[in-house]
Amino acid sequence: MQKKKYNISVEATLEVIGGKWKCVILCHLTHGKKRTSELKRLMPNITQKMLTQQLRELEEDGVINRIVHHQIPPKVEYELSEYGETLQSILDSLCAWGEKHITKVYGDPSDLLEDNILNNK
């Protein structure tokens, strides 16, 4: 395998957590294990195909664990891996910056943010 070259290290970070949905998935997993159906319910605008793809990529990068419970019907859960937990401060900073940005551009963030555990302080 040929080593990849990066211009700056943030490129490596974005390669793992970049895109529209990965950080959202990771933020939800900071609050504990979730089944695919739970994640889909928490993110109604993501397609099932995209959710599955993003979960696979995060698992391949070692950021989340996929836990298969051998039962009928089959049960699969996702959780942050130990490596993924090291992203906590980055995710917290992104959320804080996003709220400041919403306030700067639109005013009161409570008018724009959905009522869910990620937005409750």
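## Fold report: helices around a three-stranded sheet

Buried residues account for 25% of the 121 residues in the protein. Here buried means under 20% relative accessible area, exposed means over 50%, and partly exposed lies in between (1.4 Å probe, protein chains only). This is a predicted model, in which local features need pLDDT of at least 70 and side-chain atom pairs count only at pLDDT 80 or more, while totals for chains, interfaces and linings use all residues. Residues are numbered from 1 along each chain as its sequence is written, and side-chain values use heavy atoms, with hydrogens and water left out.

**Overall layout**

The protein has 6 helices and 3 strands. Both are DSSP runs numbered from the N terminus: helices are H or I with at least four residues, strands are E with at least two. From the N terminus on, the order is α-α-β-α-α-β-β-α-α. The C-alpha trace spans about 45 × 40 × 25 Å along its principal axes.

The exposed area is about 8,900 Å², and carbon and sulfur atoms supply 52% of it. Accessible areas come from the Shrake-Rupley method with a 1.4 Å probe; for residues, only the protein chains shown count as cover.

Contact means heavy atoms within 4.5 Å. Take the contacts between residues at least 6 apart in sequence: 44% of them join residues at least 24 apart.

**The sheet**

The 3 strands form an open sheet in the order β1-β3-β2, with antiparallel pairing. β1 (34-35) and β2 (64-69) stand at the edges with a single partner strand each, so one side of each has no neighbour in the sheet. Two strands pair if DSSP finds at least two bridges between them. In general, strands of a sheet pair through backbone hydrogen bonds, either parallel or antiparallel.

β1 is joined to β3 (residues 75-80) by 2 bridges. β2 is joined to β3 by 6 bridges. The table lists residues that face each other across these pairings.

| Residue | Opposite residue in β3 |
|---|---|
| Lys-34 | Tyr-78 |
| Arg-35 | Glu-77 |
| Val-68 | Val-76 |

β2 and β3 form a hairpin with 5 residues between them. Pro-73 is found in this loop between β2 and β3. The peptide bond from Ile-72 to Pro-73 is cis, with omega near -10°.

**The enclosed helix**

Helix α2 (residues 22-29) has 7 of its 8 residues buried, so the rest of the structure largely encloses it. The buried residues are Lys-22, Cys-23, Ile-25, Leu-26, Cys-27, His-28 and Leu-29. α2 lies across β1, β2 and β3 and runs at about 95° to β3. That angle is between N-to-C directions, on a scale from 0 to 180 degrees, with axes fitted as lines to C-alpha atoms, for helices over the stretch in contact.

Gln-54 sits in helix α4 (residues 48-60). Its relative accessibility is 7%, so Gln-54 counts as buried. Leaving aside neighbours within four places in sequence, Gln-54 is in contact with Trp-21, Lys-22 and Ile-25. Lys-22 and Ile-25 are among the buried residues of α2.
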